[in-house]
Each structure stands twice: as structure tokens, then as C-alpha cells.
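Biologist: Please take a close look at a single part of this model and describe how its elements are arranged and how they relate to their surroundings.

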Amino acid sequence: MVKVQIDVSKTVREWPRLERYQNSTLRYTPPADFPAFWAEKHGRPRIMRCWVTLDEVWDYRTDEYFWNYRIGVNRYEDDPQHHEYDWGSTVPSEVNVQDYLSEHSRTSDEILLNLRRYEKETQRGILSLDKYEEVVEKVIESYKNLYPNIRYIEPCNESDYLCFGGIDTEHYYKLYQRAYRAVRRLNERHGYSVPLEIGGSAINAVMDRPHLWREFLQQLANDREENRQINFYSMHDYNGHPKRLQVFYEMHQAWIKELGLPDLPIFVDEYGFTQTTGIWTDSLKNASGVLSAMILSTQLPGMRIFPWCTFHNPSYQMSFTQYLLLEDGQYASTPNGNAMRMLSMLKKNELEMRGEQQHKIVATGDETGYALLATNPTDKPAAVDLMLHQIRHDHVTITQYRVDALNNNRLTGPACTELQLTNRWNEWVKGTEQGIDIREVLEPYGFALWLVEPYKIASPLPTTHSLGLSVNGVQ
């Protein structure tokens, strides 16, 4: 059993809003009303990662721009010179790119804009680097003028993979240089109130292939251009061992120190605990592990995790998608969506904890009460004992939200569309330590949230919890 002592009278820091860093998708674009729906359920994102695919906005054969292209329509199917990229897994959308960008811009504080494709054409010499730089500059300028809260630019995405270009680090860095020159000129020309920033390299599985990360950092260190620019580092990881993020972090810090590179924010701007699958049970597994990784990241200064992904094709990314679109047009949350919802329900301040929580438990509080979150990213049941002390109320109401194979999981349990409470009871605060004790067994890959708030449910009993009586649904 994991035992944790929580002193609710002692605040460690303001709790970082982990759920405010998120990903959108183009390959299976949701309806234009989805960004507002997500923000209403979880809070306004601090950074939303969005996309513009260069071969959709600009045709290299005609030098024609399509500033409001319909997302996911492939005009290169009969063009043998154009690289295939990931068109095979792209579903044509009913949404135009300006609706997609405008809604994400309107409902988010800032946008991180990834620009990808034409990596292979520039490597083959079909498209010159000068032309690539010109197109990147025009594309950024056009959308930045429309959506001023575009702040971060990320050229290319996992570009060593064939479906995203299949280029080596040396060629990637040539594209990165061209992009940062474009960003520099745009900042100088326009004097934006929100200046553009740029970073990379957005490669995946760094700890499986650390030489690729070293190559990127070495390219940066070797770049003697006077106005070399990097404002953030970005990478991805899909792995069932969240602690390797800490190993990456320590490796990265050692290497930038050795190479004389700046210590900048690290955006893990895609993260998953499982692999990409359409397996329904993998949604719960992924959600529990992503929670653990996000909790771990709070101990790594400057690291931000962007879970993949708010919305995606359930037929092959059920493991990651937070929401499904039902036939009646309603959105329904998966365990991944419910994990983000729980994070959004945490209180303002992190509380002092002592015990073996191992990046699986969070305790928060503010003037409204306390919120406790525990996750079990393993395939065996796990018992937790959360002992709260110095509670300032004599009588509290505890509301529980469980997510596991049978609770708040429409994929393997009863149909549901959003996170629902699973139990509620009243407790007297006991003893000289003014405490209560919450004990629970979390199912494999299960997680739970408890809200401990001033007593607010009328009951003839001093506690329903001790008698095992549920008052589920009673307000």
C-alpha cells in the first residue's frame, strides 16, 4: 500500500496547470466547434499546438497559395515527384484551415504552429532551400496577421521518419536555419506585440536514439550565424516508462552545458504512454501513464508535456484520443479526456506530502477545499492510503470520481459522455491532528480524484462511508 501524509495547512507552491498544454490534429480534423467545447470542459489552453501543412497551403508546381484550403484534400495523388508523407492516414475534412486556426486561436492563450512537408522535395533538390524559406516566411506572415497569438513556430515534425520526410539531422538543420531567418525578418518587419519564437527538433523516441538529439544540439552549437535563434527545445516520447523523461532531462541538461547552449523551455509536445493503436482498452492504459508522466514533469523545471491528442481517428488512435464524435454530433470523453478533466479540477495550490507517492499522487487545496488525484499506471491493483491532517473544517463532504475498466469508461464499461461522480459521503474530522483517511484500491491502469470540501450534503448519518452506503448522484 502506498501511504501518503498530507498536511493541508502547508502550501508548497501554486500548482502548475498541466492540462493547459495540448495538441490538435489535421489528419482527422474535428468539427470547428470542438476547440470551444474542449476549452469549456477543461479551461482555456495556455498553448495549443496547431498545424499548417505546406503542400496544402502552397503548390510547388504552380507557385499558387491556397490560404483557406480544405484540410486533408490531396492534390498530389498522381504526382510521382511529390513524396507520399502521411497522406495515407489522412481523412479529408469538412473544415477549412482558417476555421480550424481561428477557433483554436480564439479559445487558447497562445498557438504553437508546426509547419511540415516539403522536407523530402528540398532534400532531393526538387525544391530549393531559398524557395522553401520564402514560402515559410509568407505562410507564417499570413497566418500571424490573421491570428496574432501565434507565438511559437516549429519547423518539421518527426522528420527522420519516412512518413514525415525521411531526412537526416543535417538536412533538418538546413530547414531549421531557413525557418529561423524567416522568423527573424518577420519580427523585425512587423514588431509584433507577441514576437515569434522558434524551436525544434520535434523528433520522437529520443531515449531510444539519443544520438539524434546529440546531432541536433551539435548542429546548434556549430551554427556560427550571428543571429542564430532558438527559443525552446521540442521532442516526443511514446513509452510505458514515464521516468525516462527524467533521464532525458538530465542528459539534455548535461549536453547543453557541455556545448554552451542556452537553457530554454523543453516542450514534450507529443507524449503517450502506449503505442498508436485502435485497441479500446489502451485508452485507459494510456491515460493512467500520461497522468504519471505529467506529475513527474512538475519536478523538472521548464518541461511541459503536451499529451497526444485532444481528438483523433479512433480506428487507429483510440489509445490517444481524448474525445469521440458520436453520430448525433455530441462529443464523448474517453479515459484520456477524463484524465484531463480531473487535472482541470485540481485546486490552486500544491500541498505538502510525505510518503512514497512516486509521481503518482497529487494533493492540492485552496479556500474551497482540497483535491487529491492518484493514478496506477500498472497492470496490477494498487492500494493507496491518503491521510489528510490539519483540515480547517469539522465536517466534510468527499466526492469521488473513479476511472477504470467499469467506471467513467464508455469504451469498456457503461456508456457515458463525460466524467461523473462515482461516490459521495460525509466524514467528521477526527483527532488532535484534525484528519481524515481516504483508502482506496485502484484497479489496473485506474485513477481517481477526490474532492474534500466543507460539509454540504444533508444526511441523517454522521457518515455514509463507514456503512458502505453510496449517495451517488445526490446533490
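Modeller: In this predicted model, strand S10 (residues 266-272), helix H9 (residues 282-297) and strand S11 form a β-α-β unit that is right-handed. The two strands of the unit, S10 and S11, are paired in the parallel sense over 4 bridges. Within this pairing, phenylalanine 267 is found opposite arginine 304 of S11. On the other side of the register, phenylalanine 267 of S10 is also the bridge partner of serine 234. That link belongs to the pairing of S10 with strand S9 (residues 232-238), which is parallel and extends over 6 bridges.

These strands belong to an open sheet of 8 strands, ordered S2-S3-S6-S7-S8-S9-S10-S11 and paired in parallel. Its edges are strand S2 (21-23) and S11, each of which pairs on one side only. On average, neighbouring strands of the sheet are turned by 25° against each other, direction ignored. Although S11 is an edge strand, 4 of the 5 residues in S11 (residues 303-307) are buried, so the rest of the structure largely encloses this strand.

Elsewhere in the sheet, helix H6 (residues 169-190) lies across strand S7 (150-155) and strand S8 (197-204), and runs at about 160° to S8.

A helix pair may be added to this picture. Helix H7 (residues 210-222) and helix H8 (residues 244-259) have axes that come within 10 Å and cross at roughly 30°; H7 is therefore roughly parallel to H8. The crossing of H7 past H8 is right-handed. Residues making the contact include Trp213, Arg214 and Leu217 of H7, and Phe248, Met251 and Trp255 of H8.

Note on methods
Residues numbered from 1 in each chain as written. Predicted model: local features only at pLDDT ≥ 70, side-chain atom pairs only at ≥ 80, totals over all residues. Heavy atoms only, no water. Buried < 20%, exposed > 50% of the residue type's maximum accessible area, 1.4 Å probe, protein only. Pairing = 2+ DSSP bridges. Right-handed = clockwise from strand over helix to strand, strands pointing away. Axes fitted to C-alpha atoms, helices over the stretch in contact; angles between N-to-C directions. Parallel < 35°, antiparallel > 145°, perpendicular 65-115°, else oblique. Left-handed = near helix turned anticlockwise from the far one by under 90°. Contact = heavy atoms within 4.5 Å.
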